[in-house]
Amino acid sequence: MREPLIPVVPMSHTAHIRSHRKPRRNASTLAMRAGVAGGVLSTLAVAGAAGSANAAEPVTQTLELPTLTADLATQVAQSADATQQAAANYELQAERDAAAANAAKQAKADLADAKKKAEAKKKAEAARKAAAEQAASRSAARTTLSASASTSTTSTVSAPASGSVATVIAFLKAQVGDAYVMGGTGPNAWDCSGLVQAAFKQVGVDLPRVSQDQSTSGTPVSLSNVQVGDILYWGSAGSAYHVGVYIGNGQYLDAANPSKGVVIQDLSGYPASGAVRVL
């Protein structure tokens with residue numbers, strides 16, 4: 001029977017040196033290291049648990065934050081709605097105030113306009129009444145003058161009837177306010193020579209139609225000796241461009257122009273060139 005073979009384990013070439021041998025771990029050393037390791041693991045576990053607990057707190061606070069934010073948003077929205085409603089109320093009130101002010105202003109303007117129209121209507125009525133009265137007065141004066149002319153016995157310039165000058169002046173004054181129309185011979189519109197011719201015709205004196213010829217009819221007189229009823233002319237005798245009749249007190253009556261019509265004027269304002277006497 002062969003002997004069993006014992007395996008040979010090669011040793012390190014430095015195994016015979018004590019300083020190069022691995023120290024053997026005894027049971028006490030292993031137990032101590034196990035205890036230390038267990039303590040460390042326990043400490044890490046406790047720390048981990050504490051860390052987990054501490055980490056859980058912010059999660060709870062973070063979950064509450066959306067609820068607080070929602071409440072705050074609701075309050076802000078309600079406040080904005082209230083502010084917008086207040087602004088709308090203020091705007092509506094402002095519009096009402098403006099409308100009331102405009103209405104009051106318009107009412108005041110309408111009242112003023114109504115007063116003006118009433119005053120204008122009143123003046124127009126007064127003017128129409130005055131015109132009617134004046135027309136009636138003129139008609140009566142013309143009727144009287146016609147009756148006076150029919151009793152006149154004079155047909156020449158040199159020998160008029162007594163009182164005929166007053167008749168001429170009365171006729172002329174009855175035409176004051178009539179219109180001026182070139183070539184007009186009455187009864188409500190005249191030019192200068194047409195009016196003078198019609199006035200003297202009331203007492204039977206037939207004068208030429210135009211001013212140039214009227215300025216040489218009758219007896220020439222100086223302006224310093226002019227009398228009521230004398231014919232005044234402007235321009236040269238025989239070529240006068242305008243005529244009128246002297247009515248006393250430094251005034252004359254004529255059919256002046258389209259803007260004035262038949263008027264009484266001061267001789268000092270428009271001195272005549274000469275005069276002739278036919279009555």
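**Ser215 and the packing of α2 with α3**

Q: In this predicted model, what does the side chain of Ser215 reach?
A: The side chain of Ser215 reaches the backbone nitrogen of Gly238, at 2.8 Å. A polar contact requires a pair of N or O atoms within 3.5 Å, and the value of 2.8 Å for Ser215 and Gly238 is within that limit.

Q: Why is Ser215 called buried?
A: Ser215, which lies in the loop between α4 (211-214) and β3 (219-221), has a relative accessibility of 2%; buried means under 20%, so Ser215 counts as buried.

Q: Which residues is Ser215 in contact with, leaving aside its neighbours within four places in sequence?
A: With those neighbours set aside, Ser215 is in contact with Tyr233, Ser236, Ala237, Gly238, Ser239, Ala240 and Val276.

Q: What makes α2 oblique to α3?
A: Helix α2 (residues 164-174) packs against α3 at an angle of about 135 degrees, and their axes are 8 Å apart. Because that angle is neither over 145 degrees nor within 65 to 115 degrees, α2 is oblique to α3, and the crossing is right-handed.

Q: Which residues of α2 and α3 meet, and how many of them are nonpolar?
A: From α2, Val168, Phe171 and Leu172 meet Leu195, Ala198, Ala199 and Phe200 of α3; by class, this contact has seven nonpolar residues, with no polar and no charged ones.

Q: How do you know that α3 is mostly covered?
A: In helix α3 (residues 192-201), eight of the 10 residues are buried, among them Leu195, Ala198, Ala199 and Phe200, which also meet α2.

Notes:
Residues numbered from 1 in each chain as written. Predicted model: local features only at pLDDT ≥ 70, side-chain atom pairs only at ≥ 80, totals over all residues. Heavy atoms only, no water. Buried < 20%, exposed > 50% of the residue type's maximum accessible area, 1.4 Å probe, protein only. Helix = DSSP H or I, 4+ residues; strand = E, 2+ residues; numbered from the N terminus. Polar contact = N/O pair within 3.5 Å; in protein donor to acceptor, adjacent residues only side chain to side chain. Contact = heavy atoms within 4.5 Å. Axes fitted to C-alpha atoms, helices over the stretch in contact; angles between N-to-C directions. Parallel < 35°, antiparallel > 145°, perpendicular 65-115°, else oblique. Left-handed = near helix turned anticlockwise from the far one by under 90°. Nonpolar A, V, L, I, M, F, W, Y, C, P; charged D, E, K, R; others polar.
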